[in-house]
Amino acid sequence: MTVFVTGGAGFIGSNFIFYMLHKHHDYRIVCIDSLTYAGNLSTLSSVMDDPAFRFARISITDKEGIDKIFEEEHPDTVVNFAAESHVDRSIENPSIFLETNIIGTQILMDACRKYGVKRFHQVSTDEVYGDLPLDRPDLFFTEKTPLKTSSPYSASKASADLLVLAYHRTYGLPVSVSRCSNNYGPYQFPEKLIPLMVINALNGKPLPVYGSGENVRDWLYVEDHCKAVDLIIHNGEAGTVYNVGGHNEMRNIDIVKTIIGILGKDESLIKFVEDRKGHDRRYAIDPAKISTDLGWKPETAFAEGLKKTVQWYLDNQIWWEEIISGEYREYYDKMYAKRLV
Ligand code: NAD
Ligand code: TDX
């Protein structure tokens, strides 16, 4: 069995590759990644010499390159993690989000049709459902919740989802879609909330909390997401969407305070800054379908997962120092220059 993992040099894709190589000893895993600012080959260094693994630097928007690797490897399954994934960047520059997240998905699916791939799995997000009010804790996103996006990022992911389901209906491509809540864990790029706060706190820098910090996200340890995707590609029904989330809602401000507590730092580092445009208030997933149909349940409790994650950033300083000393520096200065005056 050969599995293509696109975006495997990023946060969730790399964790998925480690999970799959560990779990399925007889599988061949091919990582396709163009290594954008968010892709990091050093993340994959522990598996580079594994004979069951191959890395190919190709963009999912490069039709010839994609056709060539399908021709060479004849994958059984394709799992598409490759995407532009950061909401703030999509607000600054939407074009690349449409290019990668929509057109890239189409190019991959065309190759899947051409080469008779048995399962195309699209890794999507709970953000396609928009947001929920803060004062209605009884409301959750189910697979039937209408799509209603807020940012160019989420609009591009929702567009890709529609295209994936259209390829199933029109061409009979055996697809599946997972819509997961916010992930956290090792190898997350430090532009995202949790690693950004950990690293800033370690460096004694201000912790920029958008707006009042009351926005709520539903957090899932990355390995639990990987397990869900593995279950779906093996046992999930073709043409089906599965929501993935662990009923773990937290306000941003409470996450930041917990991180400060774990690191033994001072809350005076917190700085409330200008809010994100169109900032979604609350995400909350109802995972009933995947738990009933496929027996999935999250295994890592948030308190334990967050401690493990903070420890990982403490133990892997070289990994993130290399990132923040490079191009990301310019991004950080630009995005937070106005916010952190
Ligand atoms: P990430 O930004 O850490 O990694 C994205 C990876 O995709 C990088 O390695 C990058 O180099 C690669 N990539 C980007 N454009 C590419 C292209 N044109 N061709 C090939 N590779 C390309 O993202 P992540 O947080 O790991 O997210 C992975 C997927 O999961 C995304 O599709 C995202 O929408 C989805 N998702 C993320 C979360 C989350 O909390 N991070 C939650 C739900 C869903
Ligand atoms: O500096 C910050 N300060 C802050 O208050 C940053 C970077 C974020 N925030 C807030 C914004 C959000 O309410 O924290 C929350 C989480 O922000 P992000 O880490 O940027 O994640 P989010 O916007 O929720 O999107 C994430 O989850 C869904 C991923 O980046 C997406 O790829 C995924 O689809």
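Select ligand 1 and Ile-12 in this predicted model. An oxygen atom of ligand 1 lies 2.8 Å from a polar backbone atom of Ile-12. Keep ligand 1 in view and add Ile-60, where a backbone N or O atom is 2.9 Å from a nitrogen atom of the ligand. Then add Ser-85: here the contact involves the side chain, with an N or O atom 2.7 Å from an oxygen atom of ligand 1. On its own, ligand 1 has 840 Å² of accessible area, and the protein covers 96% of that area.

Next, display the whole shell of ligand 1. There are 28 residues around this ligand, and those that come nearest are Ile-12, Asp-33, Ser-85, Tyr-153 and Lys-157. Colour the shell by residue class: 13 residues are nonpolar, 13 are polar and two are charged.

Which helices and strands each supply at least two residues of this shell? Select helix 1 (11-23), strand 5 (119-125), helix 5 (152-171) and strand 7 (182-184) to see them. Of these, strand 5 deserves a separate selection, as it gives the most to the shell around ligand 1, with three residues.

Move now to ligand 2 and select His-279. An N or O atom in the side chain of His-279 lies 2.7 Å from an oxygen atom of ligand 2. Two backbone contacts can be added to the same view. At Pro-208, a polar backbone atom is 2.8 Å from a nitrogen atom of ligand 2. At Tyr-210, a backbone N or O atom is 2.8 Å from an oxygen atom of the ligand. Is ligand 2 mainly buried or exposed in the protein? Taken alone, ligand 2 exposes 660 Å², of which the protein buries 94%.

Expand the selection to the full shell of ligand 2. It holds 22 residues, the closest being Glu-127, Tyr-153, Arg-276, His-279 and Tyr-336. Tyr-153 merits a pause, since this residue is listed among the nearest to ligand 1 and also among the closest to ligand 2. By class, the shell around ligand 2 comprises ten nonpolar, seven polar and five charged residues. At least two residues of this shell come from helix 6 (193-202), and at least two from strand 8 (207-210).

Helix 6 leads to the last part of the tour, the packing of helices. Two packed helices are described by the angle between their axes and the distance between the axes.

Select helix 6 together with helix 10 (residues 302-315). Their axes are 10 Å apart, and the helices pack at an angle of about 55 degrees. Helix 6 is therefore oblique to helix 10, and the crossing of helix 6 past helix 10 is right-handed.

Replace helix 10 with helix 8 (residues 252-263). How far apart are the axes of helix 6 and helix 8, and at what angle do these helices pack? The axes are 10 Å apart and the angle is about 40 degrees. This angle makes helix 6 oblique to helix 8. Helix 6 passes helix 8 in a right-handed crossing.

Finally, hide helix 6 and show helix 8 with helix 10. The axes of this pair come within 11 Å and cross at roughly 60 degrees, and helix 8 and helix 10 are therefore oblique to each other. Viewed as a crossing, the passage of helix 8 over helix 10 is right-handed.

Methods: Residues are numbered from 1 along each chain as its sequence is written. Chains are lettered from A and ligands numbered from 1 in the order in which they are written. This is a predicted model: local features need pLDDT of at least 70, side-chain atom pairs count only at pLDDT 80 or more; totals for chains, interfaces and linings use all residues. Side-chain values use heavy atoms; hydrogens and water are left out. A residue is near a molecule or strand if one of its heavy atoms lies within 4 Å of it. A polar contact is a pair of N or O atoms within 3.5 Å; within protein, one must be able to donate a hydrogen and the other to accept it, and residues adjacent in sequence count only if both atoms are side-chain atoms. Accessible areas come from the Shrake-Rupley method with a 1.4 Å probe; for residues, only the protein chains shown count as cover. Helices (H or I, at least four residues) and strands (E, at least two) are DSSP runs, numbered from the N terminus. Ala, Val, Leu, Ile, Met, Phe, Trp, Tyr, Cys and Pro count as nonpolar, Asp, Glu, Lys and Arg as charged, and the others, Gly among them, as polar. Axes are lines fitted to C-alpha atoms, for helices over the stretch in contact, and angles run from 0 to 180 degrees between N-to-C directions. Angles under 35 degrees count as roughly parallel, over 145 as roughly antiparallel, 65 to 115 as roughly perpendicular and the rest as oblique. A crossing is left-handed if the near helix is turned anticlockwise from the far one by less than a right angle, and right-handed if clockwise.
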